[in-house]
Amino acid sequence: MKVARIKIEDFSYIPLLFGKKDENLKLIEKDLGVEFVLRDNSLRIKGENEAVNRAKKLVEDLIRQLHQGYSPDKRDLQRALKRVKEGKDSNLEEYSSEIVLITPRGKKIKPYTEGQRKYVQAIKENEVVFAIGPAGTGKTYLAVAMAVASLGKGEVLRMILTRPTVEAGEKLGFLPGGLEEKVEPYLRPLYDALYEMLLAEKFHSFMERGIIE
């Protein structure tokens, strides 16, 4: 049996480190078989030697990421725990570098699967990318996030939205409204993503100024 202690210098890290209702620490306790006890700013870790060593290193890696301004989420922690249990480094630094965009409400958008990581990398390295996959796998969402990020960095000056208009039994000419109203349902997934990533006011401002069209 071994006991180790970690001093948390910045109290603001504690809620981020512990997670909602201490879910982060509970996950580490369950997966590594250790016990955490917090006294003031001292975090005590108790358990078998190897488990304590791994838990201590993981918590220190988490604190290091917080110090650099990145707050790992539950998926990051689960991926890190899997590696730590295999005797590998947590790799948290690599996960933080995968962030594509942080929305105005603080949501971190990044690839989670190997396919998504390859997709994002392909967009970074190529001017035209074709992605094929089932609905709901992040093809449109990640592409929009990459575009918004590029716009924010000044890498591009405008964003042009396009979408294949696959007709469902009716010709577009027979649908009510003008051209914009006819194609609006096809662009809805793009609009929804942009509302989240820019918020409505900024999105409409960009549309009016021709930055997004």
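This tour moves from the whole protein chain to one sheet and the helix that lies across it.

The model is predicted, with local features requiring pLDDT of at least 70, side-chain atom pairs counted only at pLDDT 80 or more, and totals for chains, interfaces and linings using all residues. Residues are numbered from 1 along each chain as its sequence is written, and side-chain values use heavy atoms, leaving out hydrogens and water.

Begin with the entire protein chain, which holds 9 helices and 5 strands (DSSP runs numbered from the N terminus: helices are H or I with at least four residues, strands are E with at least two). Along the sequence the pattern reads β-α-α-β-β-α-α-α-β-β-α-α-α-α. Of the 213 residues, 37% are buried (under 20% relative accessible area, with a 1.4 Å probe and protein chains only). The accessible surface is about 13400 Å², and carbon and sulfur atoms contribute 51% of that surface (Shrake-Rupley method, 1.4 Å probe).

Next, select residues 2-7, 35-39 and 42-47, which are strands S1, S2 and S3. They form an open sheet in the order S1-S3-S2, with antiparallel pairing (two strands pair if DSSP finds at least two bridges between them). S1 and S2 stand at the edges with a single partner strand each, so one side of each has no neighbour in the sheet. From one strand to the next, the twist averages 20°.

Now restrict the view to S2 and S3, whose antiparallel pairing spans 5 bridges. Here Val37 stands opposite Arg44 in S3.

Finally, add residues 49-67: this is helix H3, lying across S1, S2 and S3 and running at about 10° to S1 (axes are lines fitted to C-alpha atoms, for helices over the stretch in contact, with angles from 0 to 180 degrees between N-to-C directions; contact means heavy atoms within 4.5 Å).

Terms used. Buried means under 20% relative accessible area, exposed over 50%, partly exposed in between (1.4 Å probe, protein chains only).
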